[in-house]
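Trainee: I should like to learn how to read helices, strands and loops in a structural model. May we work through an example together?

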Amino acid sequence: MENVRIRTTQNVEIEYQLASLGDRVLATLLDYLFFFAYLIIIGIITSIAGIGNNWGPGLSMAVFLPILLYSLVCETFFQGRSFGKMVLKIQVVKLDGTPPHFSNYLLRWALTLIDSVVSFGIVAILSIIINGKGQRLGDMAAGTTVIRLKQKNTIHDTILKTIDPGYIPVFKEATYLTDHDVSIIKEVLEFSKKSNNQSAILKLAQKIKQTLGVNTDLTDIQFLETIIADYNHLYSEK
């Protein structure tokens, strides 16, 4: 499985697993299954209403517009995921680490006509295989790709840690942090330790010290691990 390196807004490179071609094709097929179910429901409703297959231009437009705009609307409101992507646990992200904007999703959606519709998916498949970053033409234009979401199945994979009942927090300022802050600290710290990225650890520690207004003689790694432990202990007391 290919990986891609994405530089986060904290200026740290993190490696993510690219969604496989099979994941993306299956997600698309699941979306098509959703379309099929939607059309069956519409058919039943129009049959009950006595319209049958005699759809005028207005009704046809109203029925097919949701299908036409499906991927654009889903990715915009569900953080880069359609229903098929949700099932497969894959997501659209930007390669520069910033959150995708509507303009990025719009470019991906607009080029779907070339990627998938006109070429029956051949252009999209060839682009993903050749590109090396899991990008079809729409992704190349939008600066995006599709990654597998990390499954958080164990306590080790979350911000929560098992803390000794007698643990005494060192930095009570840790309560100023949010779950999102601590999640980023834990993710960057673990990745930086594995890659021996001392510069990233130093920058992160300095940023947290500045944010919380604390000073310490602990090493940067000890400080960050203590902040995580303190947050978990203080959070458990709420």
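The dialogue below takes up two helices that pack together, a further helix, a strand and two loop residues.

Mentor: Please bear in mind throughout that this is a predicted model.

Trainee: How do the axes of H1 and helix H2 (residues 57–77) cross, and how close do they come?

Mentor: The two axes come within 11 Å and cross at roughly 170°. Angles over 145 degrees count as roughly antiparallel, and H1 and H2 are therefore roughly antiparallel to each other. On the H1 side, the contact is made by Asp31, Phe34, Phe35, Tyr38, Leu39 and Ile42, and on the H2 side by Ala62, Val63, Phe64, Pro66, Ile67 and Tyr70. The crossing of H1 past H2 is right-handed.

Trainee: Which residues of helix H6 (residues 122–131) are buried?

Mentor: Burial here means under 20% relative accessible area. In H6, Ala124, Ser127 and Ile128 are buried. Viewed down the helix axis, the buried residues of H6 fall within an arc of 95°, so they line one face of the helix. The face turned away from that buried side carries Ile122, Ile129 and Ile130, which are exposed.

Trainee: What covers the buried residues of H6?

Mentor: The cover includes helix H1 (21–48), helix H5 (112–118) and helix H7 (137–142). Just after H6, Gly132 takes a positive phi of about 90°.

Trainee: How should the side chains of a strand be read, and which way do those of S3 point?

Mentor: In a regular strand, side chains alternate between the two faces of the sheet. In S3, Ile90, Val92 and Lys94 point one way, while Gln91 and Val93 point the other way, and all are buried. Because five of the five residues of strand S3 (residues 90–94) are buried, the strand is largely enclosed by the rest of the structure.

Trainee: In which sense do S3 and strand S4 (residues 144–148) pair?

Mentor: They pair in the antiparallel sense, over five bridges. Gln91, for instance, has Ile147 of S4 as its bridge partner.

Trainee: Where is Lys89 placed, and what is its phi?

Mentor: Lys89 lies in the loop between helix H3 (83–88) and S3. Its phi is near 60°, a positive value in a residue other than glycine. Lys89 is partly exposed, with a relative accessible area of 39%.

Trainee: Where is Phe120 found, and what is the sign of its phi?

Mentor: Phe120 is found in the loop between H5 and H6. Its phi is positive, about 55°, although Phe120 is not a glycine. At 74% relative accessibility, Phe120 counts as exposed.

Notes: Residues numbered from 1 in each chain as written. Predicted model: local features only at pLDDT ≥ 70, side-chain atom pairs only at ≥ 80, totals over all residues. Heavy atoms only, no water. Buried < 20%, exposed > 50% of the residue type's maximum accessible area, 1.4 Å probe, protein only. Helix = DSSP H or I, 4+ residues; strand = E, 2+ residues; numbered from the N terminus. Arc of directions from axis to C-beta. Contact = heavy atoms within 4.5 Å. Pairing = 2+ DSSP bridges. Axes fitted to C-alpha atoms, helices over the stretch in contact; angles between N-to-C directions. Parallel < 35°, antiparallel > 145°, perpendicular 65-115°, else oblique. Left-handed = near helix turned anticlockwise from the far one by under 90°.
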